[in-house]
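Student: Could you take me through one part of this model up close? I'd like a single connected tour, not a list.

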Amino acid sequence: MNSIPAMQDGLTQMSDGYLSSIDKTDDLPFHPVFVVGAPRCGTHFIHSLACTSERANPFVPEYHYFYLMLEAYVRSLSSFNAADSAGFASKEEFTAHHFVFMRNALLAMWEHLGKPESLVMKHCSLTPFLSIVGPRFPNMKFLAIQRDARDSVASEIRAVRKHLGDPSALPTEVINKAIARYNFYYGSLVRVASSLAGRLQCVRYEELVQGKGIEEIGRFLNFHDIDPRKLWKRATFDIGDFSDFLLHSDLWGSPMSTKHVGRYKDTLPDYMSDHIRTQTKRVTLAFEALCGTYAS
């Protein structure tokens with residue numbers, strides 16, 4: 001959606017009771033896995049890491065189509081009226097119709113990638129939609145990663161500075177939007193976590209780059225051959241092709257390392273670092289409490 005408030009309004013109108021009444025889609029011939037988390041928090045990194053397993057598909061770009069279908073679904077459902085009833089007798093009928101397309105999109109991707117045992121996909125913007133996707137696809141698992149909000153925001157600021165050609169730029173609007181998005185994404189994840197018991201694995205970026213949690217991820221996904229040495233290499237594309245992307249990160253394509261932990265200190269003034277930490281403390285602590293809690 002075009003804004004966080006618009007997305008929140010659309011999701012709020014969808015009651016848990018309504019969602020639980022919808023038929024589930026659990027007959028996929030593979031294990032679907034989605035990597036989630038806020039942008040600039042290591043989702044590309046953990047996605048590539050999971051895809052080093054031979055049981056998964058190779059590392060692929062973000063799957064925008066699936067997310068955009070969810071966005072269209074929420075928008076249409078929240079504004080469902082007499083005009084829509086010309087094509088669908090009810091919201092339930094519209095939902096069933098829409099999720100056939102989503103299931104077919106997953107099947108098409110799975111077939112295109114050689115029918116792997118597990119289909120591992122990634123899109124940050126899917127994170128707020130877990131309350132919808134979770135009940136609809138009960139066999140789908142979710143791999144969530146969180147990074148220190150200060151490093152997350154600083155990463156975005158560095159990308160903006162590069163784009164502007166101004167190494168000292170500190171755009172307040174960019175920072176405030178990044179904070180709001182971080183809180184919304186992880187707040188949404190925390191709220192739905194208990195309903196995803198056994199299907200959600202949470203990990204902190206700062207621990208993962210030290211090699212902590214890789215075995216736990218392997219057990220969660222039933223991948224016993226995750227290999228950090230294959231990071232970025234077992235892929236259908238070269239991550240370096242995205243070097244001209246506006247929000248390109250110099251983490252992409254780099255070996256697993258702790259050198260980017262705490263890098264915000266070289267980017268943000270102390271007062272701004274303190275502000276970001278204060279504004280995101282609640283969701284940060286809530287996510288940390290989830291790490292290891294809901295994984296089977």
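Student: Let's make the salt bridges that part. Are Glu173 and Lys177 buried or exposed?

Tutor: Both Glu173 and Lys177 are exposed. Keep in mind that this is a predicted model, with everything below computed from it. The side chains of these two meet in a salt bridge, at 3.2 Å from N to O. Glu173 and Lys177 sit 4 residues apart, about one turn of the helix, and both belong to helix α8.

Now stay with helix α8, which covers residues 172–192, and look at Arg181. The side chain of Arg181 forms a salt bridge with that of Glu156, 2.5 Å from N to O. Arg181 is in α8 while Glu156 is in helix α7 (residues 149–164), so this pair ties together parts that are 25 residues apart in sequence. As for their surroundings, Arg181 and Glu156 are both buried. So helix α8 gives you two cases to set side by side: a salt bridge within the helix, Glu173 to Lys177, and one that reaches over to α7, Arg181 to Glu156.

For another pair within one helix, go to helix α10, residues 214–221. There the side chains of Glu216 and Arg219 meet at 3.9 Å, N to O, in a salt bridge. Glu216 and Arg219 are 3 residues apart, so about one helical turn separates them. How open are these two? Glu216 has 36% relative accessibility, so it counts as partly exposed. Arg219, at 52%, counts as exposed, because the cut-off for that class is over 50%.

Not every case is a simple pair, either: Arg204, Glu206 and Glu288 are linked in a network of salt bridges. The total count is 12 salt bridges, including the ones we've just visited.

Arg204 also gives us a way into the strands, as strand β4 covers residues 200–204. Strand β4 runs parallel to β3, and 5 bridges join the two. β3 also pairs with strand β1 (residues 31–36), again in the parallel sense, over 4 bridges. Phe142 is a handy marker here: Phe34 stands opposite Phe142 of β3, and in β4 the bridge partner of Phe142 is Leu200. Of the 6 residues of β3 (residues 141–146), 5 are buried, so the strand is largely enclosed by the rest of the structure.

Note on methods
Residues numbered from 1 in each chain as written. Predicted model: local features only at pLDDT ≥ 70, side-chain atom pairs only at ≥ 80, totals over all residues. Heavy atoms only, no water. Buried < 20%, exposed > 50% of the residue type's maximum accessible area, 1.4 Å probe, protein only. Pairing = 2+ DSSP bridges. Salt bridge = Lys/Arg side-chain N within 4 Å of Asp/Glu carboxyl O.
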